[in-house]
Structure formats: C-alpha cells, structure tokens
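Please look through the sequence and the model shown here before reading on. The paragraphs after them go from one part of the chain to the next.

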Amino acid sequence: MKKILPLLFMLVTTTTIAQNKDYLLSLDGIGSLKLGMPFVELEKVLNSKIILKVINVDPVVLVETIKVKYKGIDVEISLWKRQDYIAVDGISASSLLCKTKSGIGIGSTKLQIIAAYEGYHIDAKPLFEYEGDGNDKPKKNKTKSTVTVKEDREGYAIIFNLVNNKVVSFDILPIYDDEE
C-alpha cells in the first residue's frame with residue numbers, strides 16, 4: 001500500500017501538469033495554439049476540418065474570425081491570408097483554465113498583472129466609448145479597462161480585458177507601430 005500511494009500521486013501530478021500546458025497563456029498563444037501558425041497546422045492541433053466562409057471565397061477579403069473548441073474551451077481565432085498561406089493572427093478566450101506561468105488568468109487584478117510582468121512593456125488604460133452618431137467626444141468607461149503586456153514596443157502581446165479591475169477575457173495578437 002505504501003508503494004501504491006506515491007505512484008498514484010506521481011501519476012495525478014504528471015496528468016495535472018500536462019493538462020495545464022494545454023492552457024498555458026503566453027505572448028505567442030495558448031498551449032499549442034500559436035500566433036503565426038499555418039492554417040493546415042491549426043486544423044491538426046484542433047483535430048478538425050475548418051470550413052472558411054470568407055477567405056478563399058471572396059478574393060478581396062484577407063481576414064476571417066472563427067469560433068472553435070480547443071481542448072474543451074471556447075476560443076476565437078483570427079486568421080489572415082498571407083501571400084501563399086493562411087495563418088493565425090489572433091487568439092481570444094475567457095476560460096478559467098487559461099493562466100500564465102505566474103498564475104495570471106480570469107479574475108486576476110490589474111495590480112497582479114503589473115507585478116507579474118515587471119520588466120515588460122505594460123500599457124494600462126481605460127476604455128473609451130462613443131455615444132450617439134460618433135461625432136461626440138468619446139466617454140471614459142468607468143468599469144472597463146485593458147492591460148497590454150509585451151516584451152518590446154512591437155511584437156506579440158497579451159491584452160487583458162478587465163471589468164471592475166478584474167480580468168474577464170484576453171486577446172493574444174501582434175502589435176506593430178504603423179507610424180514608421
């Protein structure tokens with residue numbers, strides 16, 4: 001009995017760690033879902049055939065967003081048609097299972113994000129919304145804000161969407177400075 005208990009503990013621990021890697025939130029994706037991943041590889045990771053409704057149907061449209069299940073969680077993936085292939089250009093989710101290595105996920109606070117990403121480029125700001133016909137000045141939303149985390153001024157980023165200073169969802173996408 002004494003030998004079985006440690007073995008069972010090791011099995012449960014290994015299984016838990018393997019499952020957490022599937023939902024590990026990072027600057028380049030969630031688990032094995034990665035930004036820049038070719039569409040063919042995306043279908044392999046999701047283990048399903050994806051029917052595109054816009055890309056490859058309309059020759060002018062180069063972007064499409066799809067809603068899929070990844071390891072049992074709902075994920076929204078933005079696709080971008082490049083010159084010779086289609087690639088993942090953004091990933092959004094709001095699952096409690098997704099967390100960063102430092103434990104940041106749904107329910108984390110703005111201060112926890114800032115503390116966990118010390119040394120990164122962080123941009124915390126409120127959301128502004130337009131009311132009416134769009135000619136009015138935007139109004140600051142009192143409850144919604146975002147915290148963007150990136151390694152440098154440009155590149156892949158995690159945008160944590162907050163309501164009342166708590167994370168409710170996140171987006172992983174490339175951010176580039178178009179002013180150059």
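A residue is called buried when its relative accessible area is under 20%. By that cut-off, seven of the nine residues of strand β9 are buried, so β9 is largely enclosed by the rest of the structure. The model is a predicted one, and β9 serves here as the starting point for a walk through it.

First, the chain as a whole. The chain holds three helices and ten strands. Read from the N terminus, the order of elements is α-β-β-β-α-β-β-β-α-β-β-β-β. The chain has 180 residues, of which 33% are buried. Among contacts with a separation of 6 or more, 44% are between residues 24 or more positions apart. The exposed surface comes to about 11900 Å², and carbon and sulfur atoms supply 56% of that area.

Back to β9, which covers residues 155-163. Strand β8 (residues 139-150) pairs with β9 in the antiparallel sense, over seven bridges. One position in this pairing is Ser-145, whose bridge partner in β9 is Leu-162. The two strands form a hairpin, with four residues between them. β9 also runs antiparallel to β10, and nine bridges join these two. Here Asn-161 has Ser-169 in β10 as its bridge partner. β9 and β10 form a hairpin too, this one with two residues between the strands.

The turn of the hairpin between β9 and β10 contains Asn-164, which has a positive phi of about 55°. Most residues other than glycine have a negative phi. Asn-164 is not a glycine, yet its phi is positive. Is Asn-164 buried or exposed? Its relative accessible area is 53%, which is over the 50% cut-off, so Asn-164 counts as exposed.

Lys-71 can be read in a similar way. This residue is in the loop between β4 (63-70) and β5. Lys-71 is not a glycine either, and has a positive phi of about 50°. With a relative accessible area of 42%, Lys-71 is partly exposed.

Strand β5, after that loop, spans residues 73-81 and includes Trp-80. Trp-80 is partly exposed, at a relative accessible area of 34%. Together with Leu-62 and Val-63, Trp-80 forms a nonpolar patch on the surface, and the three have about 270 Å² of accessible area together.

A charged residue in β8 comes next. Lys-150 is found in that strand. Which side chain of opposite charge is nearest to Lys-150, and how far away is it? The answer is Asp-123, at 6.3 Å. A salt bridge requires a side-chain nitrogen of Lys or Arg within 4 Å of a carboxyl oxygen. Lys-150 has no salt bridge, although it is buried. Leaving aside residues up to four places away in sequence, Lys-150 touches Leu-27, Tyr-120, His-121, Tyr-156, Ala-157 and Ile-175.

The last stop is a sheet of three strands. This sheet is open, with the order β1-β2-β3 and antiparallel pairing. β1 (25-26) and β3 (33-34) stand at its edges with a single partner strand each, so one side of each has no neighbour in the sheet. Two bridges pair β1 with β2 (residues 29-30) in the antiparallel sense. Ser-26 has Gly-29 in β2 as its bridge partner.

Note on methods:
Residues are numbered from 1 along each chain as its sequence is written. This is a predicted model: local features need pLDDT of at least 70, side-chain atom pairs count only at pLDDT 80 or more; totals for chains, interfaces and linings use all residues. Side-chain values use heavy atoms; hydrogens and water are left out. Buried means under 20% relative accessible area, exposed over 50%, partly exposed in between (1.4 Å probe, protein chains only). Lys and Arg count as positive and Asp and Glu as negative; His and the chain ends are not counted. Contact means heavy atoms within 4.5 Å. Accessible areas come from the Shrake-Rupley method with a 1.4 Å probe; for residues, only the protein chains shown count as cover. Patches are made of residues with over 30% relative accessible area and no salt bridge: like charges are joined within 9 Å, nonpolar side chains (Val, Leu, Ile, Met, Phe, Trp, Tyr) within 5 Å. Two strands pair if DSSP finds at least two bridges between them.
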